[in-house]
Amino acid sequence: MDKQPALDADLVLMIVSHFDQLDAADVEAAVRSAEELAGCPIGVRWSDGAEPTVWLEREGPARPADELLLHRLRHCLTRSAPAQTPAALRMDDPALIEVVLSGAAEPEDRMRAVRLLGLDDTRELRVLAISAPAGARQLLAEAFPGHVIRAATIGRVGALLCQATGDTKTLSDRLNDVTVREFPASPYSAQGPWIGIGASVAVIDAPRSWSQAQRALRFASSTGFGRRVIAYERLSLLEVLADIPPERVQEIDDVVRIGQIASTAAGAAEVDTLEALCQYGTLRRTATELHLHHSTVAARIGHVEQVMGWDLDDPIDRFLATFALMLRRISLSTTELAGG
């Protein structure tokens with residue numbers, strides 16, 4: 001059996017002395033200080049008892065001093081328990097996240113909630129909305145290793161706060177790749193999560209990023225072959241479509257007819273194939289991605305063209321098909337988010 005590396009005596013003394021000198025009443029400072037020592041985010045959850053649960057959110061192997069560091073932090077936080085309200089200090093407390101995202105909250109309350117969540121109030125944050133809250137943290141942890149992520153369920157949607165670095169395109173593409181890999185798109189399997197991403201904003205503007213994330217979520221795919229992760233900033237002019245009332249979308253003739261085609265098993269396969277064609281661009285690549293013979297793809301597309309009166313070799317008709325599928329996606333996503 002492999003032996004665990006021995007703890008360096010100087011390191012032990014340094015950690016013990018470090019925590020003994022901390023002000024036990026300042027929980028935020030204690031957690032931040034411990035994160036600096038550990039080199040990674042630290043999670044804290046207060047229970048009904050006096051002693052909190054603490055853990056490291058580190059990618060990779062444990063370090064020899066990890067257990068000692070967590071033990072000393074736990075001891076330090078326990079000393080602060082009589083002066084604190086445990087329910088107000090849970091690092092993933094939905095109430096704190098709702099304060100951060102609420103436009104009705106006072107700015108000072110929002111800043112305090114951010115600090116209690118273990119986030120840096122001097123850095124920008126990004127809010128994400130996810131259709132399937134379960135497992136959301138794992139998706140983001142894989143896409144953004146080493147970053148602080150806080151999550152809660154608000155209504156039927158997961159809300160995630162993330163202080164990840166990088167431009168919007170890189171972040172959304174990376175998260176889309178992770179989501180597709182973990183939940184492969186297929187008309188024959190259960191639908192995986194879909195995600196809307198708000199802009200990176202100052203902490204004080206978190207409600208704006210949350211609103212953007214929810215609007216972007218309506219464009220993310222609830223169907224087999226659309227994009228699973230949509231960033232609000234990349235929607236550009238398409239963002240105005242989010243203002244169309246759901247009931248009006250469901251009345252649009254092309255959306256209705258596409259829905260009628262998809263109402264049978266054979267028709268659903270044809271619509272899925274059309275959506276794949278709009279994503280992959282050519283019949284041959286679509287056939288490769290769907291593991292079908294190109295003649296099968298051509299036959300399915302040909303039947304949709306006949307019913308809809310489209311010629312997908314014509315740029316305008318190809319645009320109309322893509323646009324109709326996008327509106328259908330918005331309609332389906334809105335229905336699913338409402339529990340339909």
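This briefing covers the overall make-up of the chain, its five-stranded sheet and one helix pair. The model is predicted. The chain has 340 residues, 46% of which count as buried. Its secondary structure amounts to 15 helices and seven strands.

**Whole chain**

- The accessible surface is about 16,700 Å², and carbon and sulfur atoms account for 54% of that area.
- Of the contacts between residues at least 6 apart in sequence, 67% link residues at least 24 apart.

**Sheet order and edges**

- Five strands make an open sheet in the order E4-E5-E3-E6-E7, and the pairing is mixed.
- The edges are strand E4 (149-154) and strand E7 (229-231); each has a single partner strand, so one side of each lacks a neighbour in the sheet.
- From one strand to the next, the twist averages 20°.
- Helix H7 (residues 168-182) packs on this sheet and touches E3, strand E6 (195-201) and E7.
- The direction of H7 makes about 170° with that of E7.

**Strand E5 and its partners**

- Strand E5 (residues 157-162) runs antiparallel to strand E3 (residues 125-130), and five bridges join the two.
- Within this pairing, Leu128 lies opposite Leu160 of E5, and Arg126 has Cys162 of E5 as its bridge partner.
- E5 also pairs with E4, again in the antiparallel sense, over six bridges.
- Arg150 is found opposite Leu161 of E5.
- A hairpin is formed by E4 and E5, with two residues between them.
- Gly155, in the turn of that hairpin, has a positive phi of about 70°.

**Burial of E5**

- Side chains in a regular strand alternate between the two faces of the sheet.
- In E5, Val157, Ala159 and Leu161 are on one side, while Gly158, Leu160 and Cys162 are on the other.
- Both of these faces are covered, and six of the six residues of E5 are buried.

**Helices H11 and H15**

- The axes of helix H11 (residues 253-261) and helix H15 (residues 315-337) come within 9 Å and cross at roughly 75°.
- This crossing angle makes H11 roughly perpendicular to H15.
- H11 contributes Asp254, Val255, Ile258 and Gly259 to the contact, and H15 contributes Ala324, Leu325, Leu327 and Arg328.
- By class, the contact of H11 with H15 comprises five nonpolar residues, one polar residue and two charged residues.

Terms used
Residues numbered from 1 in each chain as written. Predicted model: local features only at pLDDT ≥ 70, side-chain atom pairs only at ≥ 80, totals over all residues. Heavy atoms only, no water. Helix = DSSP H or I, 4+ residues; strand = E, 2+ residues; numbered from the N terminus. Buried < 20%, exposed > 50% of the residue type's maximum accessible area, 1.4 Å probe, protein only. Contact = heavy atoms within 4.5 Å. Areas by Shrake-Rupley, 256 points an atom, 1.4 Å probe, with all protein chains shown as cover. Axes fitted to C-alpha atoms, helices over the stretch in contact; angles between N-to-C directions. Parallel < 35°, antiparallel > 145°, perpendicular 65-115°, else oblique. Nonpolar A, V, L, I, M, F, W, Y, C, P; charged D, E, K, R; others polar. Pairing = 2+ DSSP bridges.
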